Amino acid sequence: MFESFELAAAAGTGGGSSIVSLVLPLVLMFAIFYFLLIRPQQKKQKNRNSMLGGLKKGDKVVTIGGLHGTIMEITDDIVVLRVNDVTKLTFDRGSISHATSSANDGEA
């Protein structure tokens, strides 16, 4: 039994290589997480922010809840959507899921 402890102690004397063998898998895991999870999420958030920043009056949008409407008024944090000829609803700007078409698409 003592022989196995002596062999383990003798194998562990190469201190430099043991630290590298412990740190390298952690670095590789972080790199994999970065390229598979973090970076795509950052790109998606950047695209969403640019879409929300580019909204203007007359754009047709869909809210997170699935409501379709046309932007009648827009401020920094509030969007007023016209749902039909009479109904206007006020939403938070962040509740816009995506724009289906813009005001310039119908004019071309």
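## An aromatic pair

Tyr 34 has a relative accessibility of 30% and counts as partly exposed. The model is predicted. Phe 35 reaches 52% relative accessibility, so this residue counts as exposed. The cut-off for exposed is over 50%.

The two residues form an aromatic pair. Their ring centres are 5.2 Å apart. The planes meet at 80°, and the pair is edge-to-face. For edge-to-face, the angle must be over 60 degrees. The count of aromatic pairs is one.

## Three strands, two hairpins

Strand β2 covers residues 68–74, and strand β3 covers residues 78–82. They run antiparallel, joined by four bridges. Three residues lie between them, and the two strands form a hairpin. Glu 73 sits opposite Val 80 of β3.

Strand β4 spans residues 88–92. β3 pairs with β4 through five bridges, again in the antiparallel sense. A hairpin of five residues makes the connection from β3 to β4.

Which residue of β4 is the bridge partner of Val 80? The partner is Thr 90. Val 80 thus has Glu 73 opposite and Thr 90 as its bridge partner in β4. In a regular strand, side chains alternate between the two faces of the sheet.

## The salt bridge

One salt bridge is counted. It joins Asp 59 to Lys 56. The closest N and O atoms are 3.6 Å apart, and the limit is 4 Å.

Is Asp 59 buried or exposed? Asp 59 is buried, because its relative accessibility is 3% and the cut-off for buried is under 20%. Lys 56 is partly exposed, with a relative accessible area of 33%.

## The loop between β2 and β3

Thr 75 lies in the loop between β2 and β3. Its relative accessibility is 42%, so Thr 75 counts as partly exposed.

How far apart are the C-alpha atoms of Thr 75 and Lys 56? They are separated by 9.4 Å. Along the chain, the two residues are 19 residues apart. Lys 56 is also the salt-bridge partner of Asp 59.

Note on methods:
Residues numbered from 1 in each chain as written. Predicted model: local features only at pLDDT ≥ 70, side-chain atom pairs only at ≥ 80, totals over all residues. Heavy atoms only, no water. Pairing = 2+ DSSP bridges. Phe/Tyr/Trp six-rings, centres within 6.5 Å; stacked < 30°, edge-to-face > 60°. Buried < 20%, exposed > 50% of the residue type's maximum accessible area, 1.4 Å probe, protein only. Salt bridge = Lys/Arg side-chain N within 4 Å of Asp/Glu carboxyl O.
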